Amino acid sequence: MSPKVITLTTDFGLVDPYVAEMKAVILKICPGAIIVDVSHGIQKFNIQMGAFILSSVTHYFPFGTINVAVVDPSVGTKRGSIIIETEQGFFIGPDNGLLVLAAEKQGIKSITQLENQNLMLSHVSNTFHGRDVFAPAAAHLSNDFPLSKFGPKITEIVRPAFTKIEITPNSLTGEILYIDDFGNLITNIQMKDITSFVDDSVEIELGSETLSHMKLSKTYAETEPNRPLALIGSHDYLEIAINQGNAAEKFSLKTGDRITLKRA
Amino acid sequence: MSPKVITLTTDFGLVDPYVAEMKAVILKICPGAIIVDVSHGIQKFNIQMGAFILSSVTHYFPFGTINVAVVDPSVGTKRGSIIIETEQGFFIGPDNGLLVLAAEKQGIKSITQLENQNLMLSHVSNTFHGRDVFAPAAAHLSNDFPLSKFGPKITEIVRPAFTKIEITPNSLTGEILYIDDFGNLITNIQMKDITSFVDDSVEIELGSETLSHMKLSKTYAETEPNRPLALIGSHDYLEIAINQGNAAEKFSLKTGDRITLKRA
Amino acid sequence: MSPKVITLTTDFGLVDPYVAEMKAVILKICPGAIIVDVSHGIQKFNIQMGAFILSSVTHYFPFGTINVAVVDPSVGTKRGSIIIETEQGFFIGPDNGLLVLAAEKQGIKSITQLENQNLMLSHVSNTFHGRDVFAPAAAHLSNDFPLSKFGPKITEIVRPAFTKIEITPNSLTGEILYIDDFGNLITNIQMKDITSFVDDSVEIELGSETLSHMKLSKTYAETEPNRPLALIGSHDYLEIAINQGNAAEKFSLKTGDRITLKRA
């Protein structure tokens with residue numbers, strides 16, 4: 001049997017010892033675990049960014065992968081801790097909306113309230129459940145400890161608030177969901193949303209700029225260097241990019257800013 | 001038998017190839033080693049910060065873990081190279097104070113001067129002992145090569161200089177040991193030091209600010225967002241934090257700055 | 001048999017999910033792969049920097065290591081994808097010059113055009129061949145899938161443009177190849193180039209500064225703190241450094257800037 005993969009996604013950054021403490025706890029309980037970092041660069045306390053990153057990547061991992069995610073401004077309060085079982089694996093973390101988007105993409109089978117203190121570190125701090133609660137749970141689950149021992153099944157969980165796109169006969173407005181390290185503007189507009197626009201060129205309104213006569217490109221290198229382009233990116237969302245440049249800087253845009261496509 | 005864990009803690013950063021060179025050397029000598037990064041973001045040449053990070057995390061790792069640490073401004077000079085054996089594992093690095101705090105937390109059993117050139121790379125540079133001396137030593141040790149072959153036992157090692165706290169009947173002064181990526185101010189004041197203050201509210205003097213009527217919080221979310229709080233953090237040191245904010249920025253404080261608790 | 005090592009070198013940064021997507025794809029196809037990050041901090045689109053980093057580190061890895069590198073401004077265009085087999089292992093990535101320097105250091109045995117779509121993800125995007133083409137190829141190769149199945153052998157590949165040094169009887173001019181995270185200025189001048197200068201002290205011209213009476217140091221700590229020094233670094237190139245300081249900042253220099261050594 002292949003060793004189980006455990007992924008980690010947090011807003012802890014890579015300087016502090018916090019991520020290593022989680023890995024240490026996991027390896028002590030499950031010495032053969034294959035631990036993979038997804039990202040520790042989630043913006044502090046930004047649950048939506050964490051949810052987006054998680055949902056972009058976790059479906060690529062092998063069957064049975066256990067995904068631990070910690071963006072947890074309410075650690076130590078009454079917010080719950082959950083394990084979501086999906087058709088492909090598991091998600092472990094705070095019940096604050098962080099896990100749902102990615103879990104739904106895999107098909108949710110059940111949700112367990114993580115309550116059994118015997119499956120946590122013997123001293124649980126009020127400030128670091130990543131190390132004291134979620135990491136041990138992932139390691140015990142990786143050791144094939146049955147899900148039913150972790151706590152009772154529940155049905156209600158917190159869902160993150162994501163903006164929906166607005167459609168009129170001649171326009172479509174979404175927002176910037178995420179700006180990647182290249183400065184590419186990844187929107188919440190999907191291929192299926194813009195099918196009726198694809199054959200034509202469109203106007204794209206971004207902040208105070210209007211890009212005219214835009215057609216969907218297939219590659220970043222299709223325009224001249226430093227020219228804007230629109231394409232369906234590798235996660236199936238509409239992206240605005242600059243060939244070999246940084247679109248977020250050029251257009252002075254940030255996450256949450258609106259973007260409108262109009263028929264020419 | 002479980003594979004041995006080797007941890008790495010350096011001031012090398014993650015852009016340069018230096019960390020990967022150490023991992024390459026380890027995997028060539030010990031192909032089954034499980035290598036875990038603790039942090040490569042130690043401030044350049046800051047031995048105390050390295051010592052603090054190491055001592056925060058290494059006791060969480062499995063029995064037998066080999067911890068390699070390199071913050072080494074004197075590389076290539078006559079400073080020694082050491083292996084410290086503890087009740088829980090091993091520490092390998094320069095003899096400059098970096099390893100002692102973490103090793104003492106585990107209980108020191110013996111100290112070996114790392115001298116045997118047959119257990120180093122065949123060409124040892126004057127500038128990169130992490131790759132040429134410490135990584136091969138960790139890998140050979142992980143292969144169960146006996147400690148006595150690495151060099152002679154010694155008893156004297158360099159100790160890092162840490163500031164002690166000052167206590168008067170009505171006040172207690174410590175300093176900021178570390179500022180984490182959340183901007184939380186982690187001091188050198190421990191729970192046991194403040195037992196006599198805990199029942200009362202205290203004044204906390206931080207730089208030019210005074211926080212009045214402070215009580216110890218249990219969680220970061222116990223105050224309103226953007227309000228300061230004091231709590232005993234996940235490493236048992238007093239922390240000053242801002243709920244969902246950055247205390248270091250708000251109070252313009254840095255590592256080494258003093259903090260005083262006074263009875264109201 | 002030891003598990004095979006797969007290394008990753010990209011300009012993706014560590015915040016986005018892109019690196020984790022590559023790891024996920026690899027682990028799904030080859031669950032036992034040992035994946036090691038070389039660097040994900042290559043400057044965006046900087047093929048030469050990627051080539052330099054790769055060539056600094058890959059020869060330290062075990063025999064059979066598969067090195068995947070992605071700095072790929074032309075992704076989705078007609079640029080080829082290649083696998084270079086060397087005397088020590090493999091290199092997989094775009095045919096844009098990124099892989100050649102490191103591969104030649106190991107001795108090139110053959111070059112294969114990566115064409116077999118059965119060894120890629122079932123849907124290949126135009127924007128992320130790291131995940132869709134190179135990662136699956138590395139994983140299948142790690143599973144001992146024969147090289148001949150990936151595509152036809154080729155002989156012509158793109159070579160990166162590196163500046164050569166200029167030598168006169170009394171001077172030697174090179175350029176800054178790379179500035180590491182310590183601010184050390186790593187030049188393209190090697191020990192063999194300066195053999196005729198080593199016995200004497202030299203003048204070193206760096207931007208608008210001239211350093212007089214410089215001799216080659218053996219260690220960074222050989223001068224006083226904050227004093228400049230020249231030494232042959234751990235990759236056998238001439239470096240200009242500041243003991244416990246940052247030479248790039250002090251001299252306001254950047255990659256590509258010229259450096260001249262003159263007899264005094």
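Colleague: How many salt bridges are there between chain B and chain C?

Modeller: Just one salt bridge is counted between chain B and chain C, taking a salt bridge as a side-chain nitrogen of Lys or Arg within 4 Å of a carboxyl oxygen of Asp or Glu. This is a predicted model, where local features need pLDDT of at least 70, side-chain atom pairs count only at pLDDT 80 or more, and totals for chains, interfaces and linings use all residues. Side-chain values use heavy atoms, with hydrogens and water left out.

Colleague: Which side chains meet in that salt bridge?

Modeller: Lys44(B) and Asp181(C), at 2.7 Å from N to O.

Colleague: Which helix gives the most to the side of chain B that touches chain C?

Modeller: Helix α1 of chain B, residues 18–29, with eight residues. Helices here are DSSP runs of H or I with at least four residues, and strands are runs of E with at least two, numbered from the N terminus.

Colleague: And how many residues are in contact?

Modeller: On chain B, 29 residues are in contact with 33 residues of chain C, where contact means heavy atoms within 4.5 Å.

Colleague: OK, new topic. In what sense do β1 and β2 of chain B pair?

Modeller: They pair in the parallel sense over five bridges, β1 being residues 5–10 and β2 residues 34–39. Pairing requires at least two bridges found by DSSP between the strands.

Colleague: What stands opposite Ile6(B)?

Modeller: Ile35(B), which sits in β2(B). Together, β1(B), α1(B) and β2(B) make a right-handed β-α-β unit: with the strands pointing away from the viewer, the path from the first strand over the helix to the second runs clockwise.

Definitions and conventions:
Residues are numbered from 1 along each chain as its sequence is written. Chains are lettered from A and ligands numbered from 1 in the order in which they are written.
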